[in-house]
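Trainee: Got a minute? I'd like to go through this one with you, strand by strand where it helps.
Mentor: Sure, pull it up and we'll start.

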There are 2 protein chains.
Amino acid sequence: MSDLRSMKPEDLQSYVEVLQKKYEDFKAQKLNYDMSRGKPCSAQLELSAGILDALKSDSSFKTADGADSRNYGGIDGIPEAKELFSKMIDVDAKEIIIGGNSSLSMMYDTVSRAMTHGVLGSKVPWGKLPVVKFICPSPGYDRHFSICEFFNIEMIPVEMRADGPDMDAVEKLVSSDESIKGIWCVPKYSNPDGITYSDEVVDRFARLRPKAKDFRIFWDNAYAVHHLTDQPDRLKNILSACKEAGNPDMVYIFGSTSKISFAGGGIAMMGASEANIGFIKKQLAIQTIGPDKLNQLRHVRYFQRFENIEEHMKKHAAILKPKFDAVLEILEAELGDKNIAWWSKPNGGYFISFNTLDGCAKDVVAMAAEAGVIFTKAGATFPYGKDPHDRNIRIAPTFPPLEELRKAIELLCICVQLVSAKKILSSIS
Amino acid sequence: MSDLRSMKPEDLQSYVEVLQKKYEDFKAQKLNYDMSRGKPCSAQLELSAGILDALKSDSSFKTADGADSRNYGGIDGIPEAKELFSKMIDVDAKEIIIGGNSSLSMMYDTVSRAMTHGVLGSKVPWGKLPVVKFICPSPGYDRHFSICEFFNIEMIPVEMRADGPDMDAVEKLVSSDESIKGIWCVPKYSNPDGITYSDEVVDRFARLRPKAKDFRIFWDNAYAVHHLTDQPDRLKNILSACKEAGNPDMVYIFGSTSKISFAGGGIAMMGASEANIGFIKKQLAIQTIGPDKLNQLRHVRYFQRFENIEEHMKKHAAILKPKFDAVLEILEAELGDKNIAWWSKPNGGYFISFNTLDGCAKDVVAMAAEAGVIFTKAGATFPYGKDPHDRNIRIAPTFPPLEELRKAIELLCICVQLVSAKKILSSIS
């Protein structure tokens, strides 16, 4: 079997029958797999079990500044957590707020406050403007897009390239349209493409000259230390670059331990210039008396030093690498020479981005669902759930057991071939 | 010494000199006490130490519905936490959302979402209206008022009576002004007055006929189980009453374990009709993937049953009662017959509400601060920080050690007498 697009129609037709038979066999197995979300698997969660023993009834609850972590206070987190995690998101300990269990909440809250009150330097709250727009490099993270949709922020898709978003487009948009107030970025091991922004892209971000003086880069560094190989990608420090370019307040950085410790019970953080942090802390003081400092202390007592987090992530990689490898092997074996699908081979992160021929992704996902395997909804990686080429499917290899994963990807390969072959045939006839 | 207001001026003058001497003695001690916030003391926090042992590395992390509490998901909390805490805030397990560590955040978020999106039944988001008003029974909780101020919600103070807010005023306002969208209530052991709303007040709340169809009662039941005596106050169930009155969606109930377990590391909750909960869950799903389920599980594993929470609260009472008693004894001994101050004698909660002669509170608090004791800012218990009579001071007896507390209250009594006596003298001359 080779390039489906150059096969004779009659050969392709008989191949379709073979595939159809295989598909029916899958259906008969009555699988019930959910491959839709980028969740850690149980073995990964086990890696952090020790965190739960790091604070016990007879522990000391004093934080580095002498506060009682069990009591109220400390709006921006405990000092030792700031110290530790500032290294992870590449900011100074004065440039970080350690929050609750969810960086998504910190992003949502940041947008929400911008809508009702504006950000540092806003003349009016964003919500008082006739229209607010965000640039959305796509494919991207569906939950970023949901926040925009919820707040009625108009999304402008921009293409993702191998080294980051199409910066020509970003620069042009940002410098010409005052209603563009933000851009969503997953700069390292991006969701779903798995690419890391090049130094040049980071520098071009830092040197943006936005028409909106209160424009912000939402830099969701969700996979800062989530490598799959020994040669991890390196991401240039955006806050330093912004400072050098005279744009110190232009970026908000987000991160969390959701995929380091516990997905539901980790700690989240945001980094920004001291001026931004000061502005946000004042707003935060209306919303809360402080985050759960016990969970912060628990994390710091367990990890202690940033180097230990890096070592810990190698254990995650040891669990995840075989899963990513399995997916890539099957894709290569089944589709490598077919000329109907292309996929990313990431050095880290949680996803493999898979692209079909134009106009096939929805049908492929629907077909897999019919056979009992749920993939992330086709289109989910684009604003408004609309993939203009209907071709991107996000594969999330982390959660399922290896055997389920293999089966799911085998099924995917069959569905892709079936849908593609039928499409090719119908274009010939 | 007796009624200062009927003393001869020359006697009062010489009494002032005695007081002034005492005040100077206090100043010489260079105290440095912070009596300003209603925080639990260390001994109270120790009571819950066992919670930290309730989840260890070798525990089961499965929740009642089979979910892994360490992973993502469960937007409204784990089933066993809903079951347990619904009893505390008097709702059904289907009528509760268990959140993160802060009920203040849940209240803020609820107001924030109402501003940007409206509540169930809103025709427009509150923030799109020319003016939004809240009724603020006063004295009340300063952080409620701060939320209103932050969102530019106009606050209408209504007087607090012995059995709750002045309901004649509340009914009149609510039924006549469509821009009134909410009211803040601390219905049990109110902050700061320590009173519990009578059944009649609860019923009148439930039977409100608001002009604004999307009016909400923000029922902050922060002290639901925080009794100081064996004859605790009873609060009528507001949600049931609202249902009976045909207003099932009119109330949001809030609660937390902040003053049961850990002030920084407890769990928060909100209760409401199923329709409200369904509406809110959809909005919440944009903000977060879910709360910290591990901390919820930890709490449920430790407390297990509601009866155990009630028993646990008796231990809190055993620590707090002597502190409240000490304050009340000193106030009675020093001011009982002076006719210049009046105070609450609560059966629960965190505060004693103290009232001076009109126009004295600010001076008293300033004077105490000069001698090294910080009380809650005078006026803080009123909207915009403005006590129209300048007479209310919130005493928070829980945090300081008993000896500090005694000294602080002795100082307060001296300051009150000094300020009052000078006022009386100046009104005579």
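**A strand in the middle of things**

Mentor: Start with strand β3 (residues 133-138) of chain B: six of its six residues are buried, so the strand is largely enclosed by the rest of the structure. Keep in mind that this is a predicted model.

Trainee: Which residues of β3(B) sit on each side?

Mentor: Lys133(B), Ile135(B) and Pro137(B) are on one side, with Phe134(B), Cys136(B) and Ser138(B) on the other, and they are all buried, so both faces are covered. As background, side chains in a regular strand alternate between the two faces of the sheet.

Trainee: OK, and how many bridges does β3(B) make with β4(B)?

Mentor: Six, and β3(B) pairs with strand β4 (residues 154-161) of chain B in the parallel sense. In β4(B), Ile156(B) is the bridge partner of Ile135(B), and Pro157(B) is that of Cys136(B).

Trainee: What kind of unit do β3(B), α5 and β4(B) make?

Mentor: With helix α5 (residues 142-150) of chain B, the two strands make a right-handed β-α-β unit.

Trainee: And how many bridges join β3(B) to β6?

Mentor: Three, joining β3(B) to strand β6 (residues 180-185) of chain B, and these two also run parallel. There, Ile135(B) stands opposite Ile183(B) of β6(B).

Trainee: Zooming out, what's the strand order of that sheet in chain B?

Mentor: The order is β2-β9-β8-β7-β6-β3-β4-β5 in chain B, eight strands in an open sheet with mixed pairing. The edges are β2 (96-98) and β5 (164-165) of chain B, each pairing on one side only.

Trainee: Switching to chain A: how is it divided?

Mentor: Into domain 1 (4-44 + 310-428) and domain 2 (60-306). Their centres, taken over C-alpha atoms, are 31 Å apart. The contact takes 25 residues from domain 1 of chain A and 28 residues from domain 2 of chain A.

Trainee: Which element gives the largest share of the domain 1 side?

Mentor: α11(A), with seven residues of the side of domain 1 of chain A that touches domain 2 of chain A. α11 (306-335), β11 (352-356) and β13 (392-395) of chain A each supply at least two residues there. By type, that side of domain 1 divides into 13 nonpolar, eight polar and four charged residues.

Trainee: Last one: what confidence does the predictor give?

Mentor: For the complex, an ipTM of 0.96 and a pTM of 0.97. Chain A has a mean pLDDT of 97, with 100% of its residues at 70 or more.

Technical notes. Residues numbered from 1 in each chain as written. Chains lettered and ligands numbered in written order. Predicted model: local features only at pLDDT ≥ 70, side-chain atom pairs only at ≥ 80, totals over all residues. Domains from an automatic or database assignment. Contact = placed C-beta atoms within 7 Å. Helix = DSSP H or I, 4+ residues; strand = E, 2+ residues; numbered from the N terminus. Nonpolar A, V, L, I, M, F, W, Y, C, P; charged D, E, K, R; others polar. Buried ≥ 20, exposed ≤ 12 C-beta atoms within 10 Å, placed from the backbone. Pairing = 2+ DSSP bridges. Right-handed = clockwise from strand over helix to strand, strands pointing away. pLDDT = per-residue confidence, 0-100.
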